[in-house]
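Biologist: I would like to learn how to read the features of a fold from its coordinates. Where should we start?

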Amino acid sequence: MATSGNQIRQTFEAGADLSAKKSTFVIVTNAAERTVNTPAAGAKVDGVLLNDPGAAGRAAAVAVFGRVKVVAGAAIALGAEIQSDAQGRAITATGTNIRLGKTTEAATAAGQLITIDFYPGGNAA
């Protein structure tokens, strides 16, 4: 069962409709306006979306540090380092992609909600 733990949260502005993106990774795309969107696959991210803003300009609650729930993009082993896929979901890290955290439970399939320890800013491979 996916759980949350100690977190640092910040509120940003959704850069698009993120209503289907709760518990996925996001990236700040406009620092001046503090907007967030879905990141590119394997890229650095700024946090995990905690709510589901339905339009651009709505408040987006983001965990920027801590133990969080994320949507898996594929099966992932317990203790695996993870990266983002193109939809902002967690997948097993490969190659030189940025490591965003470590799983505290396994995922058996895409779409499953799992717990990770999120690394703020990510770590290079």
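Modeller: Start with burial: a residue is called buried when its relative accessible area is under 20%. This is a predicted model. Thr35 has a relative accessible area of 8%, so Thr35 counts as buried. Thr35 is part of strand 3.

Biologist: Which residues does Thr35 touch, not counting those up to four places away in sequence?

Modeller: A contact here requires heavy atoms within 4.5 Å. On that basis Thr35 touches Glu13, Gly15, Ile27, Val28, Thr29 and Asn30.

Biologist: How should I read the pairing of strand 2 and strand 3?

Modeller: Pairing is read from bridges, and at least two between the strands are needed. Strand 2 (residues 25-30) and strand 3 (residues 35-37) are antiparallel, with three bridges. One residue pair to look at is Val28, whose bridge partner in strand 3 is Val36. The two strands make a hairpin with four residues between them. In the turn, Arg34 has a positive phi of about 55°.

Biologist: Which residue of strand 4 stands opposite Val26?

Modeller: Gly47 does. Strand 2 pairs with strand 4 (residues 47-49) in the antiparallel sense, over two bridges. Strand 4 is in turn joined to strand 5 by two bridges, and that pair also runs antiparallel. There, Val48 has Ala63 of strand 5 as its bridge partner.

Biologist: What else pairs with strand 5?

Modeller: Strand 1 (residues 7-14) and strand 5 are antiparallel over seven bridges, and Gln10 has Val62 as its bridge partner in strand 5. Strand 5 and strand 9 are antiparallel too, joined by six bridges. In that pair Val70 stands opposite Ile114 of strand 9.

Biologist: Take Val64 in strand 5 (residues 59-71). Is Val64 buried or exposed?

Modeller: The relative accessible area of Val64 is 14%, so Val64 is buried. Leaving aside neighbours within four places in sequence, Val64 is in contact with Ile8, Gln10, Phe12, Asp46, Gly47, Phe118 and Pro120. For a distance along the chain against a distance in space, take Val64 and Val26: they are 38 residues apart in sequence, and their C-alpha atoms are separated by 9.8 Å.

Biologist: How many residues does the largest nonpolar core have?

Modeller: A core of this kind is a set of buried nonpolar residues joined through side-chain atoms within 4.5 Å. The largest has 17 residues, and those with the most contacts inside it are Phe25, Val70, Ile76 and Ile116. Strand 5 and strand 9 (113-123) are the elements that give two or more residues to this core. A second, separate core has nine residues, among them Phe12, Ala14, Val36 and Leu49.

Biologist: The last case is a charged side chain. Is Arg99 buried or exposed?

Modeller: Arg99 has a relative accessible area of 12%, so Arg99 is buried. Arg99 lies in strand 8 (residues 99-103).

Biologist: Which backbone oxygens does the side chain of Arg99 reach?

Modeller: Polar contacts are read from N and O atoms within 3.5 Å. The side chain of Arg99 reaches the backbone oxygen of Gly95 at 3.1 Å. A polar atom of the Arg99 side chain also lies 2.8 Å from the backbone oxygen of Asn97.

Key:
Residues numbered from 1 in each chain as written. Predicted model: local features only at pLDDT ≥ 70, side-chain atom pairs only at ≥ 80, totals over all residues. Heavy atoms only, no water. Buried < 20%, exposed > 50% of the residue type's maximum accessible area, 1.4 Å probe, protein only. Polar contact = N/O pair within 3.5 Å; in protein donor to acceptor, adjacent residues only side chain to side chain.
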